[in-house]
Amino acid sequence: MRLLSVIAVAKTVSLARCATTYDYIVVGSGPGGSPLAANLARAGYSTLLIEAGGDEGDNPTYRNMANFIEACNDEATRWDFWVKHSDDPKQDALFKHTTWDTGDGTFYVGLNPPAGAKVCNPTQRIPCDLC
């Protein structure tokens, strides 16, 4: 049964590649996006799944759920991006989840960073180590 589902999804995906419009566009193949896209495709909808990451299917770190902590902290695939919550710098400075680069390879999240920490630049959306 599972093999038939995979074949049905693969056939739907190959047909959808030719489409210029889609019934559904799913952004992100995380724990919600992947099942949603697969279920829509199985139901016969033309579905486009957009993912920023690469194919890590052959990487043993990602094949085994027991490696979840290692996988989400992998510098090659983790998402180091930052969000600007307000156009008002004073209001943005009140956000209690502001991320700071401590300079030693770790991050501080909060309103009272250690001395010498730099706030991650949310307008450029680049990793802290490139700030």
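Where does E56 lie? E56 sits in the loop between β2 and α3, the helix at residues 60-63. That loop is a good place to enter this model, which is predicted.

Stay with E56 for a moment. Is E56 buried or exposed? Neither label fits, because its relative accessibility is 30%, and E56 counts as partly exposed. Leaving aside residues up to four places away in sequence, E56 touches Y62 and T77. E56 and T77 are 21 residues apart along the chain. Their C-alpha atoms are separated by 9.1 Å.

Now step back to the whole protein. The protein has five helices and five strands. Their order along the sequence is α-β-α-β-α-α-α-β-β-β. The protein holds 131 residues, and 18% of them count as buried. About 9,900 Å² of the protein is exposed. Carbon and sulfur atoms supply 58% of that area. Take the contacts with a separation of 6 or more: residues 24 or more positions apart account for 27% of them.

Next, follow the chain through β1, α2 and β2. Strands of a sheet pair through backbone hydrogen bonds, and the pairing may be parallel or antiparallel. Here β1 and β2 pair in the parallel sense, over four bridges. I25 stands opposite L48 in β2. Between the two strands the chain crosses through α2. This β-α-β crossover is right-handed.

Helix α2 deserves a closer look. Which residues of α2 are buried? They are G33, A37, A38, L40 and A41. Seen down the axis of α2, these buried residues fall within an arc of 165°, so they line one face of the helix. Just after α2 comes G44, which takes a positive phi of about 95°.

The loop that follows α2 also takes part in an aromatic pair. A pair of aromatic rings is described by the distance of the centres and the angle of the planes. The count in this protein comes to one aromatic pair. Y24 and Y45 form an aromatic pair that is edge-to-face. Their ring centres lie 5.2 Å apart, with 90° between the planes. What does the pair tie together? Y24 lies in strand β1 (residues 24-27), while Y45 lies in the loop between α2 (33-42) and β2 (47-50), so the pair ties together parts that are 21 residues apart in sequence. Y24 is partly exposed, with a relative accessible area of 38%. Y45 also counts as partly exposed, at 35% relative accessibility.

The last stop is another sheet. In what order do its three strands stand? The order is β4-β3-β5, in an open sheet with antiparallel pairing. The edge strands are β4 (107-109) and β5 (118-119), and each pairs on one side only. Strand β3, residues 99-101, is joined to β4 by three bridges. These two strands run antiparallel. Across this pairing, W100 stands opposite Y108 in β4. In a regular strand, side chains alternate between the two faces of the sheet.

To retrace the route: E56 lies in the loop between β2 and α3. β1 and β2 pair in the parallel sense, with a right-handed crossover through α2. The sheet of β4, β3 and β5 has antiparallel pairing.

Conventions:
Residues numbered from 1 in each chain as written. Predicted model: local features only at pLDDT ≥ 70, side-chain atom pairs only at ≥ 80, totals over all residues. Heavy atoms only, no water. Pairing = 2+ DSSP bridges. Phe/Tyr/Trp six-rings, centres within 6.5 Å; stacked < 30°, edge-to-face > 60°. Buried < 20%, exposed > 50% of the residue type's maximum accessible area, 1.4 Å probe, protein only. Right-handed = clockwise from strand over helix to strand, strands pointing away. Contact = heavy atoms within 4.5 Å. Areas by Shrake-Rupley, 256 points an atom, 1.4 Å probe, with all protein chains shown as cover. Arc of directions from axis to C-beta.
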